[in-house]
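Me: I'd like a close look at how the parts of this chain meet each other. Please start with whatever I need to know to follow the names, and keep it connected.

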Amino acid sequence: MRSLISILDLSVEEIDELIAVANDIIDNPKKYAEKCHGKKLATLFFEPSTRTRLSFEAAMYELGGNVLGFSEAQSSSAAKGESVADTVRTVSCYADIIAMRHPKEGAPLVASMKATVPIINAGDGGHNHPTQTLTDLLTIQREKGRLNNLTVGFCGDLKFGRTVHSLIEALSRYTGIKIILISPDELKLPSYVKQDVLKKHNIEYVQTTDLEAVMPELDILYMTRVQRERFFNEEDYLRLKDSYILTPEKLKTAKSDLAILHPLPRVNEIAVAIDDDPRACYFRQVLNGKFVRMALILKLLEENS
Ligand code: CP
């Protein structure tokens with residue numbers, strides 16, 4: 001059974017193919033309108049979501065399929081103590097494919113060992129978020145016309161940011177990538193990502209606390225939220241939450257073709273005044289998420305049919 005748990009489950013060729021299919025869906029939506037007729041997607045969200053869950057659901061509807069599921073653990077039998085393994089064995093009886101978000105790292109992997117239909121990891125704790133990565137890659141490809149020869153700045157919570165970890169893993173397999181890691185000391189990229197990904201692939205990288213100092217170099221600025229839900233201590237969260245706030249003033253030295261991405265939700269880290277700047281890509285990124293999830297649903301259903 002082919003599932004998607006980590007972005008590394010896909011080869012670079014497969015990612016490029018998914019991006020090509022997503023671009024074709026954008027250009028020719030009618031061609032895909034009945035591709036999933038009679039198929040059902042289950043969205044099992046044990047943790048809050050707006051974009052990921054609703055884009056999966058919109059994706060399946062636009063492919064002519066149907067959707068079932070739950071949007072919080074409390075409305076499922078997990079609230080009575082049912083395990084993830086039993087939940088997905090049960091839902092495999094009702095659906096052809098499952099998208100699952102869970103606060104525990106590894107829960108979607110466990111699910112994929114027990115389910116009899118493909119599992120898509122829609123975010124597991126501070127670990128991975130591969131469909132956000134596909135969204136980010138499609139956005140970078142559409143905005144910059146390439147996925148290589150890019151200087152990419154990641155700013156904010158690089159410690160718990162699962163979207164950051166997954167995107168670094170993905171970009172490390174392309175050529176000419178330079179990574180700039182911008183965070184407070186307490187929220188630095190975990191050393192296992194530096195060791196197992198950046199060093200292993202000989203990716204040039206720099207760590208800094210100073211966003212403005214590196215701004216002129218960047219082709220991509222990937223802003224992230226400091227995530228209250230990942231902190232054990234409210235005091236630490238309050239101290240760190242406004243470490244970086246992107247304002248028009250701070251963009252003065254940026255390239256004219258910089259692409260500003262953010263997986264969203266945003267809290268304070270990008271001033272609303274930037275939303276109308278043509279370099280702000282984050283709402284186009286939201287839309288791209290639906291198209292690339294359509295491409296992924298098609299791929300996994302075809303491969304597992
Ligand atoms: N980017 C993202 O995962 O957003 P949601 O938490 O709203 O799904």
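Reply: Happy to. Helices are DSSP runs of H or I with at least four residues, strands are runs of E with at least two, and both are numbered from the N terminus. This is a predicted model, where local features need pLDDT of at least 70 and side-chain atom pairs count only at pLDDT 80 or more, while totals for chains, interfaces and linings use all residues. Residues are numbered from 1 along each chain as its sequence is written, and side-chain values use heavy atoms, with hydrogens and water left out.

Let's begin with the domains. The chain splits into domain 1 (7–128 + 287–300) and domain 2 (131–285), with bounds that come from an automatic or database domain assignment. Taken over C-alpha atoms, their centres are 25 Å apart. In contact (heavy atoms within 4.5 Å) are 31 residues of domain 1 and 27 residues of domain 2. Together the two domains bury about 2400 Å², with 54% of that on carbon and sulfur atoms. Of the area that domain 1 buries against domain 2, Ile7, Arg51 and Asn288 supply 24%, more than any other three residues. Buried area here is the accessible area, with a 1.4 Å probe, that two parts lose on being put together, summed over both.

Now the polar side of that interface. The count between the domains is 1 salt bridge, meaning a side-chain nitrogen of Lys or Arg within 4 Å of a carboxyl oxygen of Asp or Glu. Glutamate 47 and arginine 162 form a salt bridge, and their closest N and O atoms are 3.2 Å apart. Across the interface there are also 17 residue pairs in polar contact, both residues at pLDDT 80 or more. A polar contact is a pair of N or O atoms within 3.5 Å; within protein, one must be able to donate a hydrogen and the other to accept it, and residues adjacent in sequence count only if both atoms are side-chain atoms. On the side of domain 1 that touches domain 2, the elements giving two or more residues are helix 1 (12–27), helix 2 (51–62), strand 4 (119–124) and helix 10 (282–303). Helix 1 gives the most to that side, with 8 residues.

Helix 10 is a good place to zoom in, since leucine 296 sits there. Leucine 296 has a relative accessible area of 0%, so it is buried; buried means under 20%, exposed over 50% and partly exposed in between, using a 1.4 Å probe and protein chains only. Leaving aside residues up to four places away in sequence, leucine 296 touches Leu4, Leu18, Ile120, Thr131 and Leu134. Its C-alpha atom is 12 Å from that of alanine 122, although the two residues are 174 residues apart along the chain.

At the other end of the sequence, serine 3 lies in the segment before helix 1. Serine 3 is buried too, with 13% relative accessible area. A polar atom of its side chain is 2.9 Å from the backbone nitrogen of isoleucine 119. Beyond four places in sequence, serine 3 touches Asp9, Ser112, Pro118 and Ile119.

Ser112 leads us to helix 4 (residues 107–114), where Ala107, Pro108, Ala111 and Ser112 are buried. Viewed down the axis, these residues fall within an arc of 140°, so they line one face of helix 4; the arc is that of the directions from the helix axis to the C-beta atoms. They pack against helix 3 (84–91), strand 3 (97–102) and strand 4.

Finally, a backbone detail. Most residues other than glycine have a negative phi, and most peptide bonds are trans. Leucine 264, in the loop between strand 9 and helix 10, has a positive phi of about 60° although it is not a glycine. Leucine 264 counts as buried at 12% relative accessibility. A cis peptide bond, with omega about 5°, joins leucine 264 to proline 265.
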